[in-house]
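Reader: I've just loaded this one and would like a close look at a single part. Could you walk me through the opening helix and whatever it packs against, slowly and in plain words?

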Amino acid sequence: MTLMENPSHPGEVLAELYLDPLGMSAITLARRLNVPRTRIERLVKGETALTVDTAMRLSKFFGNTAEFWVNLQRAHDLARARKTADLSDITPLEAA
């Protein structure tokens with residue numbers, strides 16, 4: 001299994017696979033989800049991370065799972081951390 005080196009931000013997936021094909025704006029989606037418009041606008045721009053609350057709202061609205069959305073965020077976060085985290089001073093535990 002290979003690790004995804006550059007997974008898409010959940011906001012990019014939201015825009016490209018859902019909003020654009022539906023011709024729906026971030027503002028319209030925010031209204032339908034009962035969240036502030038800035039939450040969806042910032043998410044789509046990749047300026048903020050997806051919250052569990054937003055994941056649950058998106059899953060209810062689009063008929064998929066909250067896990068789908070949360071896993072997009074997790075993959076994105078891990079890929080970024082792998083590029084920036086300095087773990088060189090950590091010695092792995094050795095079996096006795």
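Author: One bit of bookkeeping to start: the expected span of a helix is 1.5 Å times one less than its number of residues. Keep in mind, too, that this is a predicted model.

With that in hand, take α1, which runs over residues 10–22 and has 13 residues. From its first C-alpha to its last it reaches 17 Å, close to the 18 Å expected. There is still a kink in α1, of about 30° and centred on Glu16. Just past the end of α1 comes Gly23, with a positive phi of about 65°.

Now, which residues of α1 are buried? They are Pro10, Gly11, Val13, Leu14, Ala15, Tyr18 and Leu19. What they pack against is α2 (26–33), α3 (37–44), α4 (52–62) and α5 (66–84).

Step back just before α1 and you find His9, in the segment that precedes the helix. His9 counts as buried because its relative accessibility is 10%, and the cut-off for buried is under 20%. A polar atom of the His9 side chain lies 2.9 Å from the backbone nitrogen of Gly11, and Gly11 is itself one of the buried residues of α1. Leaving out residues up to four places away in sequence, His9 touches Leu43, Gly46, Thr48, Ala49, Gln73 and His76.

Next, the shared interior. The largest nonpolar core has 19 residues, and the ones that touch the most other members are Leu14, Leu29, Ile40, Leu58, Phe62 and Trp69. Each of α1, α2, α3, α4 and α5 supplies at least two residues of this core. As a general backdrop, nonpolar side chains tend to be buried together in soluble globular proteins. Ile40 is a handy place to look around: not counting residues up to four places away in sequence, Ile40 touches Leu14, Ala26, Leu29, Ala30, Leu33, Val35 and Thr54.

Several of those names take us to α2, where the buried residues are Ala26, Leu29, Ala30 and Leu33. These four sit on the same side of α2, because they cover an arc of only 100° around the axis. The general rule behind this kind of pattern is that an α-helix has 3.6 residues a turn, so residues three or four places apart point the same way. The buried residues of α2 pack against α1, α3 and α4. Turn to the face of α2 pointing away from its buried side, and you meet the exposed residues Arg31 and Arg32.

Right after α2 there's a backbone detail to check. Asn34, in the loop between α2 and α3, has a positive phi of about 60° although it is not a glycine. For context, most residues other than glycine have a negative phi. Is Asn34 buried or exposed? Asn34 is exposed, because its relative accessible area is 63% and the cut-off for exposed is over 50%.

On to α4, the home of Thr54, which was on the list of residues touched by Ile40. Thr54 counts as buried because its relative accessibility is 3%. The side chains of Thr54 and Thr51 are joined by a polar contact of 2.9 Å. Apart from residues up to four places away in sequence, Thr54 touches Arg39, Ile40 and Leu43; Leu43 also turned up among the residues that His9 touches.

Phe61 is found in α4 as well, but Phe61 is partly exposed, with a relative accessible area of 26%. Setting aside its neighbours within four places in sequence, Phe61 is in contact with Met24, Leu29, Arg32 and Leu33. Of these, Leu29 and Leu33 are among the buried residues of α2, while Arg32 is on the face turned away from that buried side. Looking further along the chain, the C-alpha atoms of Phe61 and Thr91 are 30 residues apart in sequence and separated by 46 Å.

Last stop, and back to α1: Asn64, in the loop between α4 and α5. Asn64 counts as partly exposed, at 23% relative accessibility. The side chain of Asn64 makes a polar contact of 3.1 Å with the side chain of Tyr18, and Tyr18 is among the buried residues of α1. Not counting residues up to four places away in sequence, Asn64 touches Tyr18, Leu58, Ser59 and Trp69. Leu58 and Trp69 you have met already, among the core residues that touch the most other members. From C-alpha to C-alpha, Asn64 and Thr84 are 32 Å apart in space and 20 residues apart in sequence.

Note on methods: Residues numbered from 1 in each chain as written. Predicted model: local features only at pLDDT ≥ 70, side-chain atom pairs only at ≥ 80, totals over all residues. Heavy atoms only, no water. Bend = angle between axes of the 7 residues up to and from the residue. Buried < 20%, exposed > 50% of the residue type's maximum accessible area, 1.4 Å probe, protein only. Contact = heavy atoms within 4.5 Å. Core = buried A, V, L, I, M, F, W, Y, C linked by side-chain atoms within 4.5 Å. Polar contact = N/O pair within 3.5 Å; in protein donor to acceptor, adjacent residues only side chain to side chain. Arc of directions from axis to C-beta.
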